[in-house]
Amino acid sequence: MVLYMKVKPENRQINKRYRILLFYKYVTIENTQQVADWQRGLCTRLKLTGRIIIAKEGINATIEGSRKSVEEYWTQFTADPRFADTHLKMSFGTGNAFPRLSIKIRPELVSLKLGEEDFDPNELTGKRVTPDGLHEWFEKQNDFVIIDMRNDYEHTIGHFDKSVMPSMKAFRELPHLVKEFENLKDKKIVTVCTGGVRCEKASGYLVKKGFKDVYQLDGGIVSYMEKYPKGHWKGSLYTFDGRVAMDFDNGKHEIMGRCKHCAEPTEMYVDCADPTCHIHYLSCESCLKKTDYVPCCSPECEKVILQMTPQSISS
Ligand SMILES: [Zn+2]
Ligand SMILES: [Zn+2]
């Protein structure tokens, strides 16, 4: 039996009783299994959901819970000296931003698969510019270029002024895409990504490839937006959780995304329910309603879906 799911837009509404924590730390973890077990016990006890990746090179996490639970979590987490100075990004959740708790041990925090060329970001990484510093560069019209290290579908609903957006489908494509911006080798460059974890590696990689003046945005785009909700960021920020898009201006920004069906402004990403297609695309709510909240990216996909069996409603 083939199944498809309906999208329930109300599941994406912000609920201020919940918080989402986003953080990473590049630090050597000798016993990854021990850290994974500790995290599982702690998150389960505090009823937290989300994704935690643990590797020999560190930890990368995004988790959701009530305000009280996440505070307790953070106290426990940072009591470990390895994680004491971890930079935390916190925003409002939905109460159902993640379907479950997933804790995985992986070879890398972010998959770049450099193999022999791999390096430790504690030894090689770009210089750091704070959100304040970057804002000042914008205001003073300094000569710099932003390279957005996120995937192309993330750029669509929001990005910085003055940014170069490589046609990246997945972060591991970076080594093949460097040629798209090789002409910037002598420029002052700032790499940006959601919370900063991808830039630790990306900025180091550019330094390794001979780029002369490479910075990374400390704390990522989310830290800049939090500090400067009316700054030089246009649109909203793509997230890999149930919110899909987030902002710090209560929705007062310009909507950059366009509905694939009718071209109306929208920030609602859906996945085509045809399992052979399954593209991630933008739809407005009224177009989604036409197919009874089952995302169909094209009439062809709709035909396939009509022959399938519906699964219970899900976000
Ligand atoms: Zn539409
Ligand atoms: Zn499709």
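**Note on the predicted three-domain chain**

1. In helix 6, the residues that count as buried are V197, R198, C199, E200, K201, A202, S203, G204, Y205 and L206. Helix 6 is thus a fitting place to begin a reading of this model, which is a predicted one. Taken as a whole, helix 6 is mostly covered, with ten of its twelve residues buried. The cover over these buried residues includes strand 2, strand 4, helix 5 (174-177), strand 11 and strand 12.

2. The length of helix 6 can be checked against its residue count. At 1.5 Å a residue, twelve residues should span 16 Å, and the end C-alpha atoms of helix 6 lie 17 Å apart, which agrees. After helix 6 comes G210, a residue with a positive phi, near 95°.

3. Which sheet does helix 6 pack on, and how are its strands ordered? One open sheet of five strands, with parallel pairing, has the order 7-12-11-8-10. Its edge strands, each of which pairs on one side only, are strand 7 (127-129) and strand 10 (163-164). Helix 6 (residues 197-208) packs on this sheet, where it touches strand 11 and strand 12, and the direction of helix 6 makes about 175° with that of strand 12.

4. The two strands that helix 6 touches in this sheet are also paired with each other: strand 11 (residues 188-192) and strand 12 (residues 213-217) run parallel and are joined by four bridges. Within this pairing, V190 has Y215 in strand 12 as its bridge partner.

5. Another open sheet of five strands has mixed pairing and the order 5-2-4-3-6. Its edges are strand 5 (89-93) and strand 6 (101-105), each pairing on one side only. From one strand to the next, the twist of this sheet averages 15°. Helix 1 (residues 32-45) packs on the sheet and touches strand 3 (49-55), strand 4 and strand 6, while its direction makes about 175° with that of strand 6. Helix 2 (residues 67-78) likewise packs on the sheet, touching strand 2 and strand 4, and the direction of helix 2 makes about 150° with that of strand 4.

6. How is strand 4 paired with strand 2, and over how many bridges? Strand 2 (residues 15-26) and strand 4 (residues 58-66) pair in the antiparallel sense, over nine bridges. Several residue pairs place the two strands against each other: L22 stands opposite T62 in strand 4, F23 has A61 of strand 4 as its bridge partner, and K25 is bridged to I59, again in strand 4. For a reader tracing side chains along these strands, it may help to recall that in a regular strand the side chains alternate between the two faces of the sheet.

7. Strand 4 also pairs with strand 3, the two strands running antiparallel and being joined by seven bridges. Together, strand 3 and strand 4 form a hairpin, with two residues between them. A55 has G58 in strand 4 as its bridge partner. Strand 4 is mostly covered, in that eight of its nine residues are buried.

8. Strand 2 pairs with strand 5 as well, in the antiparallel sense and over five bridges. In this pairing, I20 stands opposite S91 in strand 5.

9. At the level of the whole chain, the division is into domain 1 (10-105), domain 2 (115-235) and domain 3 (257-310). The C-alpha centres of domain 2 and domain 3 are 31 Å apart.

10. The chain holds nine helices and 18 strands. Its radius of gyration is 20 Å, close to the 20 Å that the globule rule gives for 315 residues, so the chain is as compact as a globular protein of that length. Along the principal axes, the C-alpha atoms of the chain fill a box of roughly 55 × 45 × 40 Å.

11. How many of the 315 residues count as buried? The share is 38% of the residues of the chain. As for contacts, among those in the chain with a separation of 6 or more, 66% are between residues 24 or more positions apart.

Methods. Residues are numbered from 1 along each chain as its sequence is written. Chains are lettered from A and ligands numbered from 1 in the order in which they are written. This is a predicted model: local features need pLDDT of at least 70, side-chain atom pairs count only at pLDDT 80 or more; totals for chains, interfaces and linings use all residues. Two strands pair if DSSP finds at least two bridges between them. Axes are lines fitted to C-alpha atoms, for helices over the stretch in contact, and angles run from 0 to 180 degrees between N-to-C directions. Two residues are in contact if their C-beta atoms, placed from the backbone, lie within 7 Å. A residue is buried if 20 or more other C-beta atoms lie within 10 Å of its own, exposed if 12 or fewer, and partly exposed in between; C-beta atoms are placed from the backbone. Domain bounds come from an automatic or database domain assignment. The radius of gyration is taken over C-alpha atoms; the globule rule is 2.2 Å times the number of residues to the power 0.38. The expected span of a helix is 1.5 Å times one less than its number of residues.
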